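Subject: Structure handover

Hello,

Here is the structure I promised to pass on. Please open it first, then read my notes below.

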Amino acid sequence: MDQAEKTMIDNLFKNTGKTLEQWIEIVKQKNFAKHGEIINFLKEEHGFSYGFANLVAHKSKGSDAGSAEDSSELIEKQYKGKEHFMPIYETLMAEIMKFGNDIEVAPKNAYVSLRRKKQFALLQPATKTRFEIGLIIKGQDAKGVLEVIPAANAMCSHKINIESERDITSEVLNWIKVAYDKAG
């Protein structure tokens with residue numbers, strides 16, 4: 001468990017008076033099928049912020065890197081049926097890791113989270129025809145390939161859609177670097 005996650009778990013108890021394990025039990029009793037259902041329940045019924053709701057949702061579903069026995073299995077699962085996107089993921093990771101040695105890579109069930117002091121990006125084979133880079137660059141206007149995500153999505157403020165490796169341009173890498181810089 002990394003320090004950021006430990007701090008969130010400690011703060012979850014301080015903020016709610018319940019432990020992560022107690023929240024997981026509450027969520028499991030509801031038998032939610034989807035991650036988003038858990039998030040909505042915790043936000044609407046218990047006043048959680050997105051970050052805390054996301055933590056409990058991942059832990060209750062065992063869909064975070066810390067819950068998986070082998071995080072590479074999470075990545076394999078993401079690309080099942082979307083194997084043609086694996087070169088995009090590998091190219092992006094190689095370029096992003098050049099930004100600094102302080103990047104934490106945390107695979108989830110549906111995406112890979114990238115963090116410094118805070119999360120700055122996620123890489124996701126969103127559909128069979130679109131690879132999505134989610135970025136946290138709050139306050140930035142949409143420009144070029146950078147699109148604003150409606151606030152309801154909350155985890156990322158912007159996204160870039162990629163269809164092939166040739167779409168990984170200097171503009172794309174520059175936007176990821178902006179998000180990386182802001183997270184440090």
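I begin inside the sheet, with strand S4. All 5 of the 5 residues of S4 are buried, so the strand is largely enclosed by the rest of the structure. Please bear in mind throughout that this is a predicted model.

Which way do the side chains of S4 point? Phe131, Ile133 and Leu135 point one way. Glu132 and Gly134 point the other way, and these are buried as well. The general rule is that side chains in a regular strand alternate between the two faces of the sheet.

S4 covers residues 131-135 and pairs with S6, residues 158-162. The two run antiparallel, and 5 bridges join them. Ile133 stands opposite Ile160 in S6. Gly134 has Lys159 in S6 as its bridge partner.

S4 also pairs with S3. That pairing is antiparallel too, over 5 bridges. Gln124 has Glu132 of S4 as its bridge partner. The link between S3 and S4 is a hairpin of 5 residues.

The whole sheet

What is the strand order? The 6 strands form an open sheet in the order S1-S2-S3-S4-S6-S5, with antiparallel pairing. S1 and S5 (147-148) stand at the edges, each with a single partner strand, so one side of each is left without a neighbour in the sheet.

Now the other end of that order. S1 spans residues 104-107 and pairs with S2 in the antiparallel sense, over 4 bridges. Ala106 has Ser113 in S2 as its bridge partner. A hairpin joins S1 to S2 through 4 residues.

S2 covers residues 112-115. Val112 and Leu114 point one way from S2. Ser113 and Arg115 point the other way. All of these are buried, Arg115 included.

From S2 the chain moves on to S3 through a hairpin of 3 residues. S3 covers residues 119-125, runs antiparallel to S2, and is joined to S2 by 4 bridges. Leu114 has Ala121 in S3 as its bridge partner.

The helices

The protein has 7 helices beside its 6 strands. Read along the sequence, the pattern is α-α-α-α-α-α-β-β-β-β-β-β-α. Two residues in this part deserve a look.

Take Asn54 in helix H4, residues 50-61. Is Asn54 buried or exposed? Its relative accessibility is 11%, so Asn54 counts as buried; the cut-off for buried is under 20%. Leaving out residues up to four places away in sequence, Asn54 touches His35, Ile39, Tyr111 and Met155.

Then Asn31, which sits in the loop between helix H2 (20-30) and helix H3 (35-46). Asn31 has a positive phi of about 55°, although it is not a glycine. Most residues other than glycine have a negative phi. At 67% relative accessibility, Asn31 counts as exposed, because the cut-off for exposed is over 50%.

Overall figures

How does the radius of gyration fit the chain length? With 184 residues, a compact globule would have a radius of gyration near 16 Å. The protein has 17 Å, which agrees. Along its principal axes, the C-alpha trace spans about 50 × 35 × 30 Å.

Of the 184 residues, 42% count as buried. The exposed surface is about 10,000 Å², and carbon and sulfur atoms supply 49% of it.

On contacts, I took those with a separation of 6 or more. Residues 24 or more positions apart account for 54% of them.

Last, the charges. There are 26 positive and 26 negative side chains. The centres of the two sets lie 4 Å apart.

If you want places to start, try S4 with its 5 of 5 buried residues, then Asn31 with its positive phi, then Asn54 and its contacts with His35, Ile39, Tyr111 and Met155.

Best wishes

How values were computed: Residues are numbered from 1 along each chain as its sequence is written. This is a predicted model: local features need pLDDT of at least 70, side-chain atom pairs count only at pLDDT 80 or more; totals for chains, interfaces and linings use all residues. Side-chain values use heavy atoms; hydrogens and water are left out. The radius of gyration is taken over C-alpha atoms; the globule rule is 2.2 Å times the number of residues to the power 0.38. Buried means under 20% relative accessible area, exposed over 50%, partly exposed in between (1.4 Å probe, protein chains only). Contact means heavy atoms within 4.5 Å. Accessible areas come from the Shrake-Rupley method with a 1.4 Å probe; for residues, only the protein chains shown count as cover. Lys and Arg count as positive and Asp and Glu as negative; His and the chain ends are not counted. The place of a charge is taken as NZ of Lys, CZ of Arg, CG of Asp or CD of Glu. Two strands pair if DSSP finds at least two bridges between them.
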